[in-house]
Amino acid sequence: MTDLDALVLILDQGAVRLITMNRPRARNALSRRLIRELYTALTDADADASVRAVVLTGADPAFCAGVDLKEAQQLGTAYFEEFREHSCINATGRMRTPIIGAVNGAVFTGGLEMALGCDFLIASERAVFADTHARVGILPGGGMTARLPHVVGSAMARRLSMTGEVVDAARAERIGLVTEVVAHDRLVERALELAHQIAEVPAPTMAGLKEIYARGQEPVLSPALAAEQEIAAAQTRDFADLGERFSRVSARNKGQIAGE
């Protein structure tokens, strides 16, 4: 398989692994194949003791458009079943290895949930962020309502989820969604610099630091994640016409909602 065929590109630089979603024509929307391959790449990196830090990014022009509306339209609930066994969205938040999200462009819905699972984000000046779950008629099930308030505060998180408004890179930095904004052509370089700094820390120390942060967040995140998954799953089961609903939403919002 060549790089043109691979949906996930992997490059090791010493103890740092760069993972790139490589479906640029679809803005790296999460097709079933990409879901599986990205899940494997993330879990393999986490299991590899030689990998001390991970950088996750997307092939330009987008980081990840989230749900693949075309596959969701065609397959309905069968599309979402892929996340049960191979949830790349949840994988970032479960990693023991430090992971930095390098957001190079648009990141919407499930793509944003996946990014929020990273330890922190840096962004290109071209990056834009939006929680468009409500606009496509579904509830988030990958941690949006648990992690977004933790990062930007409850009121701002509700605003972003309820309106679906798009946030540019400068505003994302102001509200704490990203920690740094850099020139687009320096994004991966800067992310790798930070990842190498992380990789220099002794492995047991970094593992302990990750564990301390995880335990500190657990009393808030665990019940919030459980509630989100329960309610989202129940609503999805009620949508027998899910494929048809995605078709209507895609037509109405063509050119505005990522993944189409």
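## A briefing on a predicted protein model

Helices α5 and α6 cross in a left-handed way. That crossing belongs to a predicted model, so please read every value below as computed from that prediction. The protein has 260 residues, of which 51% count as buried. Its elements are eleven helices and ten strands. Let's look at how some of these parts meet, starting with helices, then charged pairs, then two residues in strands.

**The overall picture**

- Among contacts in the protein with a separation of 6 or more, 74% are between residues 24 or more positions apart.
- The structure also contains 13 salt bridges, and some of them are described further down.

**How helices pack**

- Two packed helices are described by two things: the angle between their axes and the distance between the axes.
- Helix α5 covers residues 109-116 and helix α6 covers residues 144-152; their axes come within 10 Å and cross at roughly 60°.
- At that angle, α5 and α6 are therefore oblique to each other.
- On the α5 side, the contact is made by Thr-109, Leu-112, Glu-113 and Leu-116, and on the α6 side by Met-144, Arg-147, Leu-148 and Val-151.
- Sorted by class, this contact of α5 with α6 has five nonpolar residues, one polar residue and two charged residues.
- Now turn to α1 and helix α3 (residues 77-85), whose axes are 10 Å apart and make an angle of about 5°.
- Angles under 35 degrees count as roughly parallel, and α1 and α3 are therefore roughly parallel to each other.
- Which residues bring α1 and α3 together? Arg-32, Ile-35, Arg-36 and Tyr-39 of α1 meet Tyr-79, Glu-82, Phe-83 and Glu-85 of α3.
- By class, the contact of α1 with α3 holds four nonpolar residues, four charged residues and no polar ones.

**Salt bridges between parts distant in sequence**

- Side chains of opposite charge can pair when their charged atoms come close.
- One such pair is Asp-68 and Arg-23, whose side chains form a salt bridge at 2.7 Å, N to O.
- Asp-68 sits in the loop between β4 (62-64) and α2 (69-75), while Arg-23 sits in the loop between β2 (16-21) and α1 (32-47), so this pair ties together parts that are 45 residues apart in sequence.
- Asp-68 is buried, because its relative accessible area is 3%, whereas Arg-23 is partly exposed at 22% relative accessibility.
- Another pair is Arg-96 and Asp-46, whose side chains meet in a salt bridge at 3.7 Å, N to O.
- This second pair also links distant parts of the chain: Arg-96 is in the loop between α4 (88-94) and β5 (99-103), and Asp-46 is in helix α1, 50 residues apart.
- Are the two partners buried or exposed? Arg-96 is exposed, with a relative accessible area of 60%, but Asp-46 is buried, with 15%.

**Salt bridges: a helix pair and a network**

- Arg-215 and Glu-211 form a salt bridge in which the closest N and O atoms are 2.7 Å apart.
- Both Arg-215 and Glu-211 lie in helix α10 (residues 203-238), where they are four residues apart, about one turn of the helix.
- Arg-215 has a relative accessible area of 57% and is exposed, while Glu-211, at 38%, is partly exposed.
- Elsewhere, salt bridges with shared partners join Glu-180, Arg-186, Glu-189, Arg-190 and Glu-193 into one network.

**Two buried residues in strands**

- Val-54 belongs to strand β3 (residues 53-58), and its relative accessibility of 0% makes it count as buried.
- Setting aside residues up to four places away in sequence, Val-54 touches Arg-17, Ile-19, Ala-45, Met-95, Thr-97, Pro-98, Ile-99 and Ile-100.
- Val-54 and Ala-191 are 137 residues apart in sequence, yet their C-alpha atoms are 9.4 Å apart in space.
- Ala-106 belongs to strand β6 (residues 106-108).
- Why does Ala-106 count as buried? Its relative accessibility is 18%, and buried means under 20%.
- Without its neighbours within four places in sequence, Ala-106 is in contact with Pro-61, Ala-62, Phe-63, Cys-64 and Val-128.
- Ala-106 and Val-167 are 61 residues apart along the chain and 9.7 Å apart in space, C-alpha to C-alpha.

How values were computed
Residues numbered from 1 in each chain as written. Predicted model: local features only at pLDDT ≥ 70, side-chain atom pairs only at ≥ 80, totals over all residues. Heavy atoms only, no water. Axes fitted to C-alpha atoms, helices over the stretch in contact; angles between N-to-C directions. Parallel < 35°, antiparallel > 145°, perpendicular 65-115°, else oblique. Left-handed = near helix turned anticlockwise from the far one by under 90°. Contact = heavy atoms within 4.5 Å. Nonpolar A, V, L, I, M, F, W, Y, C, P; charged D, E, K, R; others polar. Salt bridge = Lys/Arg side-chain N within 4 Å of Asp/Glu carboxyl O. Buried < 20%, exposed > 50% of the residue type's maximum accessible area, 1.4 Å probe, protein only.
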